[in-house]
Amino acid sequence: MALLITDKCINCDMCEPECPNGAISFGPEIYEIDPALCTECVGHYDKPTCISVCPIDCIIEDPEHRESEEQLWDKFVLLHHKP
């Protein structure tokens, strides 16, 4: 499952540099997570680093982008192990 930054985001800039996939960027008003790039840090860390560094806990699981751990691993491989 990809993650989602809620409208509680205060644009503190803590999450964006922590994302190993480059999935987080500044949107029209707040930071956003690209679900095509988010692996919930599978392949990099034990848990999502953006959630760990968020001071206001505004990053949640995105109910519109549900993925199994196997799907997240497949996405990691596609993103980082291109021939």
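User: Before looking at this predicted model, what counts as a salt bridge here?

Analyst: A salt bridge is counted when a side-chain nitrogen of Lys or Arg lies within 4 Å of a carboxyl oxygen of Asp or Glu. Behind this stands the general point that side chains of opposite charge can pair when their charged atoms come close. The cut-off to keep in mind is therefore 4 Å.

User: How many salt bridges does the structure hold, and which side chains meet in a salt bridge?

Analyst: The structure holds 1 salt bridge. Its N to O distance is 3.1 Å, to be read against the limit of 4 Å. One partner, K75, counts as buried because its relative accessibility is 11%, whereas E67, at 25%, counts as partly exposed. The side chains that meet are those of K75 and E67.

User: In what order do the elements of the chain run from the N terminus on?

Analyst: The secondary structure of the chain comes to 2 helices and 4 strands. Following these elements from the N terminus on, one reads the order β-β-β-α-β-α.

User: Why do the buried residues of α2 line one face of the helix?

Analyst: Helix α2 covers residues 69–80 and reaches 16 Å from its first C-alpha to its last, close to the 16 Å expected. Its buried residues are L72, K75 and F76, while the face turned away from the buried side carries the exposed residues E70 and L78. In general, an α-helix has 3.6 residues a turn, so residues three or four places apart point the same way. Seen down the axis of α2, the buried residues line one face because they fall within an arc of 105°.

User: Which residues have the most contacts inside the largest nonpolar core?

Analyst: In soluble globular proteins, nonpolar side chains tend to be buried together. The largest such core in this model has 16 residues, and strands β1 (3–5) and β3 (31–33) each supply at least two of them. C15, for example, is in contact with I5, I24, Y31, C50, V53 and I59, leaving aside its neighbours within four places in sequence. Those with the most contacts inside the core are I5, C15, I24, I33 and I59.

User: What radius of gyration does the chain have?

Analyst: The C-alpha atoms fill a box of roughly 35 × 25 × 25 Å along the principal axes, and buried residues make up 36% of the 83 residues. For a compact globule of 83 residues one would expect a radius of gyration near 12 Å, and the chain agrees with this, having 12 Å.

Terms used. Residues numbered from 1 in each chain as written. Predicted model: local features only at pLDDT ≥ 70, side-chain atom pairs only at ≥ 80, totals over all residues. Heavy atoms only, no water. Core = buried A, V, L, I, M, F, W, Y, C linked by side-chain atoms within 4.5 Å. Buried < 20%, exposed > 50% of the residue type's maximum accessible area, 1.4 Å probe, protein only. Contact = heavy atoms within 4.5 Å. Expected span 1.5 Å × (residues − 1). Arc of directions from axis to C-beta. Rg over C-alpha atoms; globule rule 2.2 N^0.38 Å.
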